Amino acid sequence: MLKERGVAPFSKWEKELPKIVFDPRFKAIPSYSTRRSLFEHFVKTRVEEERKEKRAAQKAAIEGFKQLLDEASEEIDHKTDYQIFRKKWGDDERFLALDRKDREHLLNERVLPLRRDAEEKAQAIRAATASSFKSLLQEKGDIAVNSRWSRVKDTLRDDPRYKSVKHEDREALFNEYLSDLRAVEEESEREAKAKREEQDKLRERERELRKRKEREEQEMERVRIKVRRKEAIVSYQALLVETIKDPQMLS
């Protein structure tokens, strides 16, 4: 009875009494205190009951909308947005049963993966097209870092790889190719410079080794001369001693 009469949770006895006082079910409970006690219990527990009812209704609405998405799956692609979907399915009870925020969220859960897949495929196609276009430029053989697009493009027009690239992307890819050429040249120059520097260092080390060897040989020669001189002095002194002992050695 209280639920049928629309008694709100946490409502007051005095406020709701006019709604229920003439109902036979109200009068069927003879005790005033029992009526009041049942009323107080109802308004306190009704909050949780309403929460459960709302959760159940929300869950049912979500499941219904998901079912609608399943049925419409063949017509949903990466370009589908909320307005497109609403125009087609906006009168369906399962669409109307759910708030817009929840509808958009569930729709996006279906559409976003499709958009990611479509974008990945588009990126793969763009990458393949760009690679083919740069291969075309490389095959030309006469394109250098100082080449100009205005002069080069006319020689490429008949090639399918030229036509497969969007008009607005061709010059940008050409400039990227020139940047790649510059990078290769700069890397070659760096490697050549590093090689020259390494060779210079090697030659410098060789010069230092030769100088060191020459100094060592000169030092050894000085030592040998000094030793020979000392030996000569010792020999001469020995000869003098022998001469003094035996003067006839001089005759």
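The following conversation explains how some terms apply to this predicted model.

Visitor: What should be known about the model before its values are read?

Guide: This is a predicted model, in which local features need pLDDT of at least 70 and side-chain atom pairs count only at pLDDT 80 or more, while totals for chains, interfaces and linings use all residues. Residues are numbered from 1 along each chain as its sequence is written, and side-chain values use heavy atoms, with hydrogens and water left out.

Visitor: How many helices and strands are there in the protein chain?

Guide: The protein chain has nine helices and zero strands. Helices (H or I, at least four residues) and strands (E, at least two) are DSSP runs, numbered from the N terminus. From that terminus on, the elements run α-α-α-α-α-α-α-α-α.

Visitor: What makes A72 buried?

Guide: A residue is buried under 20% relative accessible area, exposed over 50%, and partly exposed in between (1.4 Å probe, protein chains only). A72 has a relative accessible area of 0%, so A72 is buried. The place of A72 is the loop between helix 3 (32–71) and helix 4 (82–89). The C-alpha atoms of A72 and W89 are separated by 8.6 Å, with their positions 17 residues apart along the chain as the sequence distance. Buried residues make up 21% of the 251 residues in the protein chain.

Visitor: Why is S164 called partly exposed?

Guide: The relative accessibility of S164 is 43%, so S164 counts as partly exposed. S164 is in the loop between helix 8 and helix 9. From S164 to S132 the C-alpha distance is 9.1 Å, and the two are 32 residues apart in sequence.

Visitor: How do you know that E139 and R161 meet in a salt bridge?

Guide: A salt bridge is a side-chain nitrogen of Lys or Arg within 4 Å of a carboxyl oxygen of Asp or Glu. For E139 and R161 the N to O distance is 3.0 Å, and their side chains therefore meet in a salt bridge. E139 lies in helix 6 and R161 in helix 8 (residues 160–163), so the pair ties together parts that are 22 residues apart in sequence. Side chains of opposite charge can pair when their charged atoms come close.

Visitor: Are E139 and R161 buried, partly exposed or exposed?

Guide: E139 is exposed, because its relative accessible area is 55%. R161 has 23%, so R161 is partly exposed.

Visitor: What separates R207 and E204 in helix 9?

Guide: R207 and E204 are three residues apart in helix 9, which means a separation of about one helical turn. Their side chains meet in a salt bridge, at 2.4 Å from N to O. R207, at 35% relative accessibility, counts as partly exposed, and E204 is partly exposed at 34%.

Visitor: What makes E219 and R222 a salt bridge?

Guide: The closest N and O atoms of E219 and R222 are 2.4 Å apart, so the pair satisfies the definition of a salt bridge. Both residues lie in helix 9, three residues apart, about one turn of the helix. The structure holds 18 salt bridges.

Visitor: Which residues form the nonpolar patch on the surface?

Guide: Y236, L239 and L240 form this patch, with about 310 Å² of accessible area together. Such areas come from the Shrake-Rupley method with a 1.4 Å probe, and for residues only the protein chains shown count as cover. Patches are made of residues with over 30% relative accessible area and no salt bridge; like charges are joined within 9 Å, and nonpolar side chains (Val, Leu, Ile, Met, Phe, Trp, Tyr) within 5 Å. Y236 has a relative accessible area of 52%, so Y236 is exposed. Y236 is found in helix 9 (residues 167–245).

Visitor: Which element gives the most to the lining of the largest pocket?

Guide: Helix 6 does, with five residues. Helix 6 (100–140) and helix 9 each supply at least two residues of that lining. Among the lining residues are A122, I125, R126, S164 and D169.

Key: 1 Å grid on protein atoms, 1.4 Å probe; cavity = no way out; pocket = protein on both sides within 12 Å on 5 of 7 lines; lining within 4 Å.
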